[in-house]
Amino acid sequence: MDVIDRSIKAALRLYNDGNPDAAEQVCRGILKVEPTNAEVLHLLAQFDCRLGRARRAAGIARQAIALEPARAKFLLTLGTAEQEMRNEKAAGDGYRRSIAVDIEHAEAHLNLGALQPIRSKSARACWRRAAVLRPDLPEVHNNLAGRALASAKVVEAERRFGRALSLRPSYPQAWNGLASAAGATGAMHRSLLAARRALALAPAFAEAMNNQGTILVAAGAVGPAVRWLSRAVATAPGYADAGSNLLFAFAYDDSIALAALFAAQLAWAKRHAPVLRPLETRHGNAPEPERRLRVGYVSADFREHPIAWNVEGLFEHHDRRSVELHLYSSTVSADRTTERLRRLAEHWHDATDLGAADIAEAVRRDGIDVLVSLAPHTASNRPLFMAYRPAPVQVAFHGIGSTGLEAVSYWITDPVLHPEDSREAFTEELVRLPCFYLHRPPEDAPEPSGVPSLALGAITFGSCNNPAKLSPAAVRLWAEVLRALPASRLLVKYVDRFRDPLAARRLLEAFAAYGIGEERIVRSGGLLDRRGQLELLSSVDIALDPVPFNGSTTSFEALWMGVPLVTLLGDRFVGRVGASLLQQVGLADLIARTPADYVAIAARLAGDGQRLKALRASLRQRVAASPLCDAPAHARSIDAAYRMMWRRWCRRP
């Protein structure tokens with residue numbers, strides 16, 4: 001072994017021992033003797049790339065390639081540096097050149113796949129090729145697992161993440177992926193353990209912080225969740241999804257004031273929107289006030305999901321002489337509801353593999369006049385595509401609060417959700433419909449049963465809401481209700497969440513702090529279809545609405561099954577949903593203005609067996625005849641709102 005080879009090995013040892021500066025000095029020393037040593041130049045490029053100095057790495061890699069153009073690993077390093085600088089086209093060129101030199105270069109196939117949309121056939125082909133060439137590469141199995149998870153193939157994802165970890169137990173990305181996969185099955189306790197393992201291995205791993213935050217939200221531990229999501233945002237300020245998840249968590253947080261909530265919405269928009277340039281300074285849409293409008297809806301929830309149930313009747317009854325319907329779907333798990341919505345749309349656009357910029361470009365290209373973001377800042381519904389201003393009129397609908405984006409002109413609501421004296425702040429202009437909510441009556445719903453307390457001899461209160469909605473304020477309020485009726489009990493159900501150790505412990509400890517024993521909390525489990533979920537309501541006398549984030553579809557389903565709802569009127573959109581529903585079915589007397597009023601209404605209703613019996617027998621007919629189920633009227637009000645918005649745009653200077 002000559003001196004140069006020994007020096008190169010010494011440089012590698014120094015770098016691997018955590019002394020990159022000394023390693024660089026050794027390489028610089030070699031280059032003083034052999035300035036055209038391509039191997040040493042490449043080693044320096046690798047060091048720089050790993051240390052985050054991508055621009056310098058790319059320059060040095062080019063020097064090495066100029067000396068030895070047919071070295072696949074040199075081209076791989078150049079591609080990696082370009083990818084770090086977000087020059088994806090140049091990165092792809094580097095990887096393809098590497099493969100052209102050595103078709104069996106597994107790392108080049110691996111990295112090329114990472115440049116493609118994760119669910120694309122091209123990504124799958126690249127990673128499968130890499131797996132054949134190097135089945136011992138944990139990155140290959142991690143990427144294929146991520147692809148499976150993005151395609152809702154959770155069992156396959158868990159298996160592949162496990163394979164990656166068997167090859168590299170200290171692989172934080174795979175532990176974080178395993179946390180996501182476990183979370184997708186509702187195994188929150190297992191998910192949290194995996195996310196914590198990822199963070200133990202990589203304490204500054206923002207994606208794992210985000211994951212831990214979303215898991216804790218799902219378990220109902222909103223306070224700790226907010227802290228983790230805030231850390232993710234502080235660690236990676238450009239991480240828009242973490243910021244959106246933080247806003248989603250704030251919707252459940254009973255400690256956040258309206259001013260602080262609005263400040264957070266503005267901060268998210270200020271952080272992410274300014275870096276996005278509008279696609280056009282002036283839109284080319286013909287400013288004809290009465291012409292047929294191209295209306296586009298963007299959603300990840302065009303499936304068996306409450307949002308789809310809220311809009312299906314609208315899509316069916318849009319006046320097609322006035323509206324040309326475009327649906328942009330990023331729904332991963334298509335089902336029978338997806339297919340029904342697809343048939344209702346004149347133009348169905350698959351957006352599952354599109355980022356914000358791609359969605360915006362598609363909207364602009366399609367000439368959309370009115371663009372609607374459904375449920376922005378929830379789950380996979382990210383409103384950042386609106387910041388590009390791809391359409392002249394942009395609207396938020398079924399969201400949890402203001403988007404914070406100046407590019408979004410309107411927020412659809414109603415007079416109960418946002419009364420004239422509302423103190424909630426927003427960047428959008430409010431457009432109040434006569435009735436905000438539209439619900440599709442459940443198919444094959446069982447008939448309402450008799451009043452369960454008449455047979456049981458005691459009242460059963462119930463909530464089928466997400467554990468995240470069972471805030472400290474909600475638990476405190478419900479504990480007061482249970483104390484007012486010592487023989488009563490509370491049934492809780494949400495998928496199988498309340499059987500998970502993480503959510504169960506948090507729930508039971510919260511009630512125990514108010515003297516409510518575990519025997520009074522019925523944690524119903526099991527994965528039920530919708531009919532089974534509705535049948536469960538046969539054992540509930542009175543539904544209790546959570547605070548500060550009310551139920552929506554869960555409340556409608558209770559009313560549909562003849563179960564009255566008690567709600568507390570909140571100070572923001574998400575806290576006034578119950579009131580909006582009850583107003584529409586003529587049960588305004590069940591809307592409390594204060595916590596004491598809430599307890600009194602619940603106790604009074606529990607003691608009125610005749611009224612409970614009458615409501616059980618009549619509520620379904622009352623709901624069916626209400627505006628909540630009047631799809632044609634709802635569509636007419638929405639069509640009129642869009643026409644008003646469009647006419648305004650046409651009159652702009």
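**Figure 1. The largest cavity holds about 100 Å³ of space.** A cavity here is a set of points on a 1 Å grid over the protein atoms alone where a 1.4 Å probe fits but cannot get out, and a lining residue has an atom within 4 Å of a point. Grid points are joined across faces, edges and corners, and the volume is the space filled by probe spheres set on the points. This is a predicted model, where local features need pLDDT of at least 70 and side-chain atom pairs count only at pLDDT 80 or more, while totals for chains, interfaces and linings use all residues. Residues are numbered from 1 along each chain as its sequence is written, and side-chain values use heavy atoms, with hydrogens and water left out. Look for Leu 247, Ala 251, Pro 376, His 377, Glu 424 and Arg 572, which are among the lining residues. Helix 15 (240-252) and helix 16 (258-272) each give two or more residues to this lining. Helices (H or I, at least four residues) and strands (E, at least two) are DSSP runs, numbered from the N terminus. Sorted by type, the lining has six nonpolar, four polar and two charged residues. For that sorting, Ala, Val, Leu, Ile, Met, Phe, Trp, Tyr, Cys and Pro count as nonpolar, Asp, Glu, Lys and Arg as charged, and the others, Gly among them, as polar.

**Figure 2. The second largest cavity has a volume of about 80 Å³.** Its lining includes Gly 462, Cys 464, Ala 543, Thr 554 and Leu 565. Strand 8 (460-463), strand 11 and helix 24 each put in two or more residues, and helix 24 has the largest share, with three. You won't find a charged residue in this lining: seven are nonpolar and five polar.

**Figure 3. Helix 24 meets helix 27 at a slant.** The axes of helix 24 (residues 553-560) and helix 27 (residues 609-624) come within 7 Å and cross at roughly 125°. That makes the pair oblique, the label for whatever is left once angles under 35 degrees count as roughly parallel, over 145 as roughly antiparallel and 65 to 115 as roughly perpendicular. Axes are lines fitted to C-alpha atoms, for helices over the stretch in contact, and angles run from 0 to 180 degrees between N-to-C directions. Phe 556, Leu 559 and Trp 560 of helix 24 touch Leu 619, Arg 620, Val 623 and Ala 624 of helix 27, where contact means heavy atoms within 4.5 Å. Six of these contact residues are nonpolar and one is charged.

**Figure 4. Six strands make an open sheet with parallel pairing.** Read across, the order is 10-9-8-11-12-13. Two strands pair if DSSP finds at least two bridges between them. Strand 10 (521-523) and strand 13 (591-592) sit at the edges with a single partner strand each, so one side of each has no neighbour in the sheet. Further in, two bridges link strand 11 (residues 542-544) to strand 12 (residues 565-568), and Ala 543 stands opposite Leu 565.

**Figure 5. Seven strands form another open sheet, also paired in parallel.** Here the order is 3-2-1-4-5-6-7, with strand 3 (347-350) and strand 7 (429-432) at the edges. Neighbouring strands are turned by 25° against each other on average, direction ignored. Four bridges join strand 2 (residues 323-329) to strand 3, and Tyr 328 has His 349 as its bridge partner.

Terms used
1 Å grid on protein atoms, 1.4 Å probe; cavity = no way out; pocket = protein on both sides within 12 Å on 5 of 7 lines; lining within 4 Å.
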